[in-house]
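The report below describes a predicted model, going from the whole chain to single residues. Please keep the sequence and the structure in view while reading.

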Amino acid sequence: MYLKRLHLRQFRNYLDQTVEFDAPKTILLGNNAQGKSNLLESVELLSTLRSHRTSRDRDLIYTGKSSAQVAAQLERDVGSIDLAFTLRLNSRRTVAINSETVRRQLDFLGIVNMVQFSSLDLDLVRGGPEQRRNWLDGLLIQLEPVYAHILQQYNQVLRQRNALLKSKQRSTFNGQQAGQPEQQFDSNLALEIQPSNPSPAPDNQPPQDELALWDAQLAATGTRVIRRRARVLQRLAPLAQRWHREISGSTEELTINYAPNVALEQDEPALIQQAFLAKIQERAIAEQYQNTTLVGPHRDEVAFTINETSARQYGSQGQQRTLVLALKLAELKLIEEVIGEPPLLLLDDVLAELDLSRQNQLLETIQDRYQTLITTTHLGSFDAQWLYSSQIFSVKQGQLAERI
Ligand SMILES: Nc1ncnc2c1ncn2[C@@H]1O[C@H](COP(=O)(O)OP(=O)(O)OP(=O)(O)O)[C@@H](O)[C@H]1O
């Protein structure tokens, strides 16, 4: 796939900017805080309707304006597709495909596929488990957009169950108050999940029937999350292992282990749900003390080990970089395999972090196959080959100028 044109209106620090892409690689060159990452962020939003930098639309709208718009023309094997989304300060987002407003935002996902790689991705290895879950979920949404809906269902049940656990007083509890979902940017995906007939409960205790209903919902929706996460890791791991071996010159062996919070012995929904409910029972007392849900995929972990040693705890910076690069290359391949077209690659200020041999590895892999957008503050660290096949824009205070 190829992103041909991008138009940003009142998006971040861009008032009105059109970019025409005409090379396999585009380098966005500029000092700090000029708008390079903002541009990549607009592509991330086109792809996932999420930004890894903020969850608030107001941050994305040019300060002092009431709306922002991002429009793009994308070439795919099926033909050219026009995409647009509008963000508003005081109302919901709207998205459009080929100038037609799409009611379900889910239908917008999965049209632009991309892999992004920024210096923040090093936190994938050394950061907390939430980083790894978010990464995995982002990948899943691209491969299987319906996963966005599944995840949202799970998170909604989780929020409502947590609200119930927290509601200490019977008088403050009723299904709606305790379980009111937070405002979601993709609220079109949201389900109204309400248990029926809340039963009376002893003072200061969540009603048990009510809780049992949420337990069942949590286990049902959580099982769908767990199975998909397991499946995607199963496909990604061998690809990442192969890359890792190659980049490390076969001196290191990577293992990726999914460690679901609820044990996954077999890929059998009924059995996973059973294990889920059994674990909820086990942790019931602890939950009452902590007033929060302790069981479920919101507590999953993905463990990376290099030569049987935890990469998170003991990996050197170089090893962690190799690992993240291997993961990103594996993502590119997996998306290409599943979608049938090469995804875009967004490299945000990351090349300077890679030594020459890792840079070359990346270059050899992407060649001219994956359209790549690269941000950088200087061209010094670029191999001549990169520059040769690149279109270069200078970025200054939210304005782009092509360097000929
Ligand atoms: N909603 C907004 N309205 C106006 N300006 C904004 C908005 N959000 C961010 N900015 C501005 O965008 C700039 C940051 O741009 P960006 O994050 O793209 O930096 P960058 O060019 O990638 O730099 P770096 O190399 O430091 O990452 C800052 O000047 C910030 O004030």
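## Overall build

Of the 404 residues of the protein, 43% count as buried, where buried means that 20 or more other C-beta atoms, placed from the backbone, lie within 10 Å of a residue's own, exposed means 12 or fewer, and partly exposed lies in between. The model is predicted, and local features need pLDDT of at least 70, side-chain atom pairs count only at pLDDT 80 or more, while totals for chains, interfaces and linings use all residues. Residues are numbered from 1 along each chain as its sequence is written.

The protein has 13 helices and 15 strands, which are DSSP runs numbered from the N terminus (helices are H or I with at least four residues, strands E with at least two). Along its principal axes, the C-alpha trace spans about 75 × 55 × 40 Å. A compact globule of 404 residues would have a radius of gyration near 22 Å, and the 23 Å of the protein agrees with this; the radius is taken over C-alpha atoms, and the globule rule is 2.2 Å times the number of residues to the power 0.38. Among contacts with a separation of 6 or more, 71% join residues 24 or more positions apart, a contact being two residues whose C-beta atoms, placed from the backbone, lie within 7 Å.

## Core and helix 4

The largest nonpolar core holds 100 residues, and Leu323, Ala326, Leu344 and Leu345 have the most contacts inside it. Such a core is a set of buried Ala, Val, Leu, Ile, Met, Phe, Trp, Tyr and Cys residues joined through C-beta atoms within 7 Å. Leu344, when residues up to four places away in sequence are not counted, touches residues including Met1, Val43, Met114 and Tyr370.

Helix 4 (residues 129-143) has 15 residues, which at 1.5 Å a residue should span 21 Å, and its end C-alpha atoms are indeed 21 Å apart; the expected span is 1.5 Å times one less than the number of residues. Buried residues of helix 4 include Arg132, Leu136 and Asp137, and what covers the buried residues of this helix includes helix 1 (36-48), helix 7 (208-247) and strand 10 (301-306).

## The ligand shell

Around the ligand there are 18 residues, of which the closest are Asn13, Asn32, Lys36, Ser37 and Asn38; a residue is near if its C-beta atom, placed from the backbone, lies within 6 Å. Helix 1 gives the most to this shell, with 3 residues.

## Four loop residues

The table sets out four residues found in loops, with the number of other C-beta atoms within 10 Å.

| Residue | C-beta neighbours within 10 Å | Class |
|---|---|---|
| Gly64 | 6 C-beta atoms | exposed |
| Gln397 | 12 C-beta atoms | exposed |
| Asn307 | 13 C-beta atoms | partly exposed |
| Val262 | 23 C-beta atoms | buried |

Most residues other than glycine have a negative phi. Asn307, in the loop between strand 10 and strand 11 (309-310), has a positive phi of about 45° although it is not a glycine. Gln397 has a positive phi of about 45° and is not a glycine either, and Gln397 lies in the loop between strand 14 (390-396) and strand 15 (399-403). Val262 lies in the loop between strand 9 (254-259) and helix 8 (269-282), and, leaving aside neighbours within four places in sequence, Val262 is in contact with residues including Gly222, Ile226 and Phe276.
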